[in-house]
Amino acid sequence: MKPMLNKRRCSAQEHICLAIPACPQRAIHYVPDEEEPLGGRIEFDYARCDGCGKCAEECCGQAIDMYEAV
């Protein structure tokens, strides 16, 4: 399983994202980006992700869904 972000539901704010600290593999990061409407985005490091789903469980906006890795 791998996480996928629904940007429409994501607040993309580092200080309120509960998924970032919930990840035991530290595979989720906030990336500042002036091109994004809220000034940044959430990214997954799929090389580090073990598919545990903690990020989806803790996401305050229910913006992360888990999908079968292909």
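Let's start with Glu-36, which is buried, with a relative accessible area of 18%. That counts as buried because the cut-off is under 20%. Keep in mind as you look that this is a predicted model. You'll find Glu-36 in the loop between β2, residues 28–32, and β3, residues 40–44. What does the side chain of Glu-36 make a polar contact with? Its partner is the side chain of Lys-7, at 3.1 Å. If you leave aside the neighbours within four places in sequence, Glu-36 is in contact with Lys-7 and Arg-41.

Now slide back along that loop to Asp-33, which also sits between β2 and β3. Is Asp-33 buried or exposed? It is buried, because its relative accessible area is 16% and the limit for that word is under 20%. The side chain of Asp-33 makes a polar contact with the side chain of Arg-41, at 2.5 Å. Not counting residues up to four places away in sequence, Asp-33 touches Gly-39, Gly-40 and Arg-41. So if you click on Arg-41, you can trace a contact to Asp-33 and another to Glu-36.

Next, head for the loop between α1 and β2, where Ala-27 is found. Ala-27 is buried, with a relative accessible area of just 2%. Which residues does Ala-27 contact once its neighbours within four places in sequence are left aside? They are Glu-43, Phe-44, Asp-45, Arg-48 and Cys-49. There's also a nice example here of how a chain folds back on itself in space: Ala-27 and Ala-47 are 20 residues apart in sequence, and their C-alpha atoms are 8.0 Å apart.Ala-27 also leads us to a hollow in the model. Rolling a probe the size of a water molecule over the atoms shows where empty space is left. How many cavities of 30 Å³ or more does the structure hold? The count is 1, and the volume of this largest cavity is about 100 Å³. Its lining is made up of 15 residues, and the ones that lie nearest the centre are Cys-23, Ala-27, Cys-49, Cys-52 and Cys-55. Sort the lining residues by type and you get 10 nonpolar, 3 polar and 2 charged.

With those cysteines in view, you might ask about disulfides. How many disulfides are there? The count comes to 0. Take Cys-17, which is buried, with a relative accessible area of 14%. Why is Cys-17 without a bond to another cysteine? The closest cysteine sulfur belongs to Cys-10, and it is 6.3 Å from the sulfur of Cys-17, too far for a bond. To count as a disulfide, the two sulfur atoms would have to be within 2.5 Å. Cys-60 is in no disulfide either, as its nearest cysteine sulfur, that of Cys-59, is 5.5 Å away.

Let's turn to the backbone. Most residues other than glycine have a negative phi. With that in mind, look at Ala-12, in the loop between β1, residues 2–5, and α1, residues 19–22. Phi of Ala-12 is near 50°, a positive value in a residue other than glycine. Ala-12 is buried, with a relative accessible area of 9%. Another positive phi turns up at Arg-26, where the value is near 55°. Arg-26 is found in the loop between α1 and β2. Is Arg-26 buried or exposed? Arg-26 is exposed, because its relative accessible area is 63% and the word applies over 50%.

Our last stop is Arg-8, back in the loop between β1 and α1. Arg-8 counts as exposed, at 84% relative accessibility. Try finding Gly-61 from here: Arg-8 and Gly-61 are 53 residues apart in sequence, and 9.6 Å apart in space from C-alpha to C-alpha.

Definitions and conventions
Residues are numbered from 1 along each chain as its sequence is written. This is a predicted model: local features need pLDDT of at least 70, side-chain atom pairs count only at pLDDT 80 or more; totals for chains, interfaces and linings use all residues. Side-chain values use heavy atoms; hydrogens and water are left out. On a 1 Å grid over the protein atoms alone, a cavity is a set of points where a 1.4 Å probe fits but cannot get out, and a pocket is an open set with protein on both sides within 12 Å along at least five of seven lines; lining residues have an atom within 4 Å of a point. Grid points are joined across faces, edges and corners, and a volume is the space filled by probe spheres set on the points. Ala, Val, Leu, Ile, Met, Phe, Trp, Tyr, Cys and Pro count as nonpolar, Asp, Glu, Lys and Arg as charged, and the others, Gly among them, as polar. Helices (H or I, at least four residues) and strands (E, at least two) are DSSP runs, numbered from the N terminus. Buried means under 20% relative accessible area, exposed over 50%, partly exposed in between (1.4 Å probe, protein chains only). A polar contact is a pair of N or O atoms within 3.5 Å; within protein, one must be able to donate a hydrogen and the other to accept it, and residues adjacent in sequence count only if both atoms are side-chain atoms. Contact means heavy atoms within 4.5 Å.
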